[in-house]
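Trainee: Hey, have you got a minute to go through a structure with me? I'd like to practise reading one.
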Amino acid sequence: MAAKALSFDVGDYVVYPKHGVGRVIELQKSEIAGMALELYVLRFEKERMTLRVPTNKAESVGMRKLSSDKQMGEALQTLKGKPRVKRTMWSRRAQEYEAKINSGDLVSIAEVVRDLFRAEDQPEQSYSERQIFEAAASRLARELAAMEQVDEPTALTKLLDILRASAVLYNKAPA
């Protein structure tokens, strides 16, 4: 089976696992260490960051096009599920959550958002829990926003509405 290299065009939205949704702003040819390289120049507006990725490395670093509607549907369905709270040490859970966020997998990110969401009537989160929740929610919202062509706050509101609705279902009976 021949591996077909991913190809992105200028203007395409792409997902880079460690940084989230960016946009291809340029295809660049550069010579680095005596080697001619073709590079995707990605712009991440939220972080005000520009990243150059060799076209031949795009697939191996996990760069991908925006998720399909089906994948986004699965992620939104995951948000409606019952939160899973593991009883392991926070430091270990935090590492697992970070790994899921950086995987770039939409359903994994949605699991982190679902598991760390706290409704208004629930106990307060620690600072580090809130940081990880906000990072995951932002990553998910940016991809949803790019797919639905809305701004990030609008997408985030949609996600929070889904979470609040399911929190009402799962928080009725005392655990």
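Mentor: Sure, we'll talk about ring pairs, then a hairpin, then a pocket. Keep in mind that this is a predicted model.

Trainee: Okay, rings. How many aromatic pairs does a search of the whole structure find?
Mentor: The search turns up three aromatic pairs. One of them is phenylalanine 8 with tyrosine 40, an edge-to-face pair with 5.3 Å centre to centre and 75° between the planes.

Trainee: Why do you give me both a distance and an angle?
Mentor: Because a pair of aromatic rings is described by the distance of the centres and the angle of the planes.

Trainee: Got it. And which parts does the pair of phenylalanine 8 and tyrosine 40 tie together?
Mentor: Phenylalanine 8 sits in the segment before strand S1 (13–16), and tyrosine 40 is in strand S3 (residues 35–44), so the pair links parts that are 32 residues apart in sequence.

Trainee: Is phenylalanine 8 buried or exposed? And what about tyrosine 40, buried or exposed?
Mentor: Phenylalanine 8 has 3% relative accessibility, so it counts as buried. Tyrosine 40 counts as buried too, with 4%.

Trainee: What about tryptophan 90 and tyrosine 97, what kind of pair do they form?
Mentor: Those two make a tilted pair, 6.1 Å centre to centre and 50° between the planes. Tryptophan 90 counts as partly exposed, at 23% relative accessibility, whereas tyrosine 97 counts as buried, at 7%.

Trainee: New topic: how many bridges join S3 to strand S4?
Mentor: Six bridges join S3 to S4 (residues 49–54), and the two strands run antiparallel. If you want a spot to look at, arginine 43 stands opposite threonine 50 in S4.

Trainee: And what's going on with arginine 48 in that hairpin?
Mentor: The hairpin of S3 and S4 has four residues between the strands, and arginine 48 takes a positive phi near 50° there.

Trainee: Last thing, pockets. How much space lies in the second largest pocket?
Mentor: About 260 Å³. The second largest pocket is lined by 14 residues, and the closest to its centre are Tyr13, Val21, Glu45, Lys46 and Arg142.

Trainee: Which elements give two or more residues to that lining?
Mentor: Strand S2 (20–32), S3 and helix H4 (127–148) do. S2 gives the most, with four residues.

Trainee: How do the residues of that lining divide into nonpolar, polar and charged?
Mentor: Seven are nonpolar, one is polar and six are charged.

Methods
Residues numbered from 1 in each chain as written. Predicted model: local features only at pLDDT ≥ 70, side-chain atom pairs only at ≥ 80, totals over all residues. Heavy atoms only, no water. Phe/Tyr/Trp six-rings, centres within 6.5 Å; stacked < 30°, edge-to-face > 60°. Buried < 20%, exposed > 50% of the residue type's maximum accessible area, 1.4 Å probe, protein only. Pairing = 2+ DSSP bridges. 1 Å grid on protein atoms, 1.4 Å probe; cavity = no way out; pocket = protein on both sides within 12 Å on 5 of 7 lines; lining within 4 Å. Points joined across faces, edges and corners; volume = space filled by probe spheres on them. Nonpolar A, V, L, I, M, F, W, Y, C, P; charged D, E, K, R; others polar.
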